[in-house]
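Biologist: I'm new to this one, so could you walk me through it? Let me have a look first, and then I'll start asking.

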Amino acid sequence: MGEEAPEFVNGEINLEGKDFRTATTVGHKTYLISRSGDESKSTISIRILDKSTQTWAVPTVLGTQPVNFEAHSAILVNENMILVVVKKGAPLIESIWFLEVNTSFVKQQSKITGTEVVVWSKGVLGKSQKPVVISGPSGVGKGTLIAKLMKDFPSRFGFSVSHTTRAPREKEIDGTHYHFTERSKMEKEISEGKFLEFAHVHGNLYGTSIEAVEAVTDEGKRCILDIDVQGARSVRASSLEALFIFVCPPSFEELEKRLRARGTEAEEQIQKRLRNARAELDQSNTPGLFDHFLVNDDLETCYGNFKKLLLLDDGSADSDDSYSTADSKSTPSYTVLSKQDSEILLQPETHDVEKGIASL
Ligand SMILES: Nc1nc2c(ncn2[C@@H]2O[C@H](COP(=O)(O)OP(=O)(O)O)[C@@H](O)[C@H]2O)c(=O)[nH]1
Ligand SMILES: Nc1ncnc2c1ncn2[C@@H]1O[C@H](COP(=O)(O)OP(=O)(O)O)[C@@H](O)[C@H]1O
């Protein structure tokens, strides 16, 4: 704060030595993105110049950020985010990053921390589809529907593996069904900004790490999140655009029957889950929260409707028409050329023009 501003112009500044900086202006603020260190061990830092007061701020940086690259380009996508393309000998997917500077998530975090906030997120290639958030009371059949979808379309969908402090059930595998974790460790990671959302559910802490969603999108798959209504609310308020589906039971009696028949909870937990189910059913009616409601009466009918919502009702087998990182050529570096509507054209530094459109 109060530092003297270095001289720079909009665009790239190639400084002598190993530092590399870009300056991008958004409204009355200029974001100075600096890379320092060698290609094999470089880091990125951000400073914000408030042009109206001529003061500098070092923001709180959330999200996983790019490391170990040679140089970068930056272009303003809209008033909410900056596209940062880094130069490194890796597939294109590794080169595209977004720096959120003004999204609703940034504003929310800024209010919480009382500091300037920026959020890094990794770009995706091709026409990747919105993540799908599935909520519903315990025992309604969310897990069953998701398992069927994963079995039928393994290369199109990927499950966001949540963290939880609850104990594993008999057949649950750590890292597959959940990342089972200690409360203190999870709370620390939450405070470090590693979680997209978290909530206290049925007496335990549950949360979606940014890494869990990125692990799915990095594979070019559509991400499925099984989270409670509070979590759905948080995702709605975040920068992640998603499709929100709420699964309802045909009746409360049937829900209780399923929960008991599953045989995974003790009586006390069953009672707690049934009490919470009433509240969740009530909250699901919050206007604008859920895009679609599915009633899980007959499983096959419900699964059919679920597939229709995901535009999978054409009976097609899993032909894997989604983008996969394995398909991507190893493209060493890209320079931002121009922005046209919602597409950014990237010129690879080779003679061939390769597929390189960052989907926004
Ligand atoms: N907010 C949030 N809720 C989660 C997350 N993972 C699971 N949940 C929800 O936590 C609740 C309890 O999940 P679980 O213990 O697996 O029990 P089940 O719903 O009876 O199978 C369910 O409503 C899940 O949707 C998460 O990462 N975030
Ligand atoms: N449509 C359905 N009809 C009957 N039983 C169902 C149906 N859907 C799921 N179940 C059963 O209900 C129990 C709870 O389903 P589950 O998928 O674990 O729910 P959730 O993940 O929402 O807690 C399981 O034993 C499952 O086999």
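**Rings, charges and two ligands**

Modeller: Let's start with the aromatics: ring pairs link Tyr178, Phe180 and Tyr206 into a cluster. Keep in mind that this is a predicted model.

Biologist: How many aromatic pairs does the structure hold?

Modeller: The cluster of Tyr178, Phe180 and Tyr206 is built from such ring pairs. Counted over the structure, the aromatic pairs come to 7.

Biologist: Take Trp97 and Trp120: what is the angle between the planes of that pair?

Modeller: Trp97 sits in strand β9 and Trp120 in strand β10, 23 residues apart, and their pairing links distant parts of the chain. Their centres are 6.3 Å apart, and the pair is edge-to-face. That label calls for planes over 60 degrees apart, and the angle here is 90 degrees.

Biologist: Is Trp120 buried or exposed?

Modeller: The cut-off for buried is under 20% relative accessible area. Its partner Trp97 has 5%, so Trp97 is buried. Trp120 has a relative accessible area of 1%, so Trp120 is also buried.

Biologist: And Phe290 with Phe293: which of the two is partly exposed?

Modeller: These two form an edge-to-face pair, 6.1 Å centre to centre with 65 degrees between the planes. Phe290 has a relative accessible area of 8%, so it counts as buried. At 41%, the partly exposed one is Phe293.

Biologist: Which ring does the charged end of Lys148 sit over?

Modeller: There are charges over rings in this model, and one of them is Arg47, over the face of Trp56 at 4.7 Å from the ring centre. For Lys148, the charged end is 4.9 Å from the centre of the ring, and that ring belongs to Tyr303.

Biologist: On to the ligands. How much of the accessible area of ligand 1 does the protein cover?

Modeller: Look at the polar contacts: a side-chain N or O atom of Ser162 is 2.6 Å from an oxygen of ligand 1. Glu197 brings a polar side-chain atom to 2.7 Å from a nitrogen of the ligand, and Arg262 brings one to 2.7 Å from an oxygen. On its own ligand 1 has 570 Å² of accessible area, and the protein covers 95%.

Biologist: How many charged residues are in the shell around ligand 1?

Modeller: The shell has 19 residues, with Ser138, Ser162, Arg166, Tyr178 and Tyr206 the closest. Strands β15 and β16 each supply at least two of the shell residues. By class there are 5 nonpolar and 6 polar residues, and the charged ones number 8.

Biologist: What share of ligand 2 does the protein bury?

Modeller: Thr144 has a side-chain N or O atom 2.5 Å from an oxygen of ligand 2. Backbone atoms join in too: a polar one of Gly143 is 2.9 Å from a ligand oxygen, and an N or O of Gly141 is 3.0 Å from one. Taken alone ligand 2 exposes 560 Å², and the share buried by the protein is 73%.

Biologist: Which element gives the largest share of the shell around ligand 2?

Modeller: Ligand 2 is surrounded by 14 residues, and Gly139, Lys142, Thr144, Arg262 and Asn296 are the closest. Both α2 and α6 supply at least two shell residues. The largest share, 3 residues, comes from α2.

Biologist: Last one: how far apart in space are Lys257 and Gly139?

Modeller: Lys257 belongs to helix α6, and with a relative accessible area of 57% it is exposed. In sequence, Lys257 and Gly139 are 118 residues apart. In space, C-alpha to C-alpha, the distance is 8.8 Å.

Methods:
Residues are numbered from 1 along each chain as its sequence is written. Chains are lettered from A and ligands numbered from 1 in the order in which they are written. This is a predicted model: local features need pLDDT of at least 70, side-chain atom pairs count only at pLDDT 80 or more; totals for chains, interfaces and linings use all residues. Side-chain values use heavy atoms; hydrogens and water are left out. A residue is near a molecule or strand if one of its heavy atoms lies within 4 Å of it. A polar contact is a pair of N or O atoms within 3.5 Å; within protein, one must be able to donate a hydrogen and the other to accept it, and residues adjacent in sequence count only if both atoms are side-chain atoms. Accessible areas come from the Shrake-Rupley method with a 1.4 Å probe; for residues, only the protein chains shown count as cover. Helices (H or I, at least four residues) and strands (E, at least two) are DSSP runs, numbered from the N terminus. Ala, Val, Leu, Ile, Met, Phe, Trp, Tyr, Cys and Pro count as nonpolar, Asp, Glu, Lys and Arg as charged, and the others, Gly among them, as polar. Buried means under 20% relative accessible area, exposed over 50%, partly exposed in between (1.4 Å probe, protein chains only). Rings of Phe, Tyr and Trp (its six-membered ring) pair if their centres lie within 6.5 Å; planes under 30 degrees apart count as stacked, over 60 as edge-to-face and the rest as tilted. A charge sits over a ring if NZ of Lys or CZ of Arg is within 6 Å of the ring centre and within 35 degrees of the ring normal.
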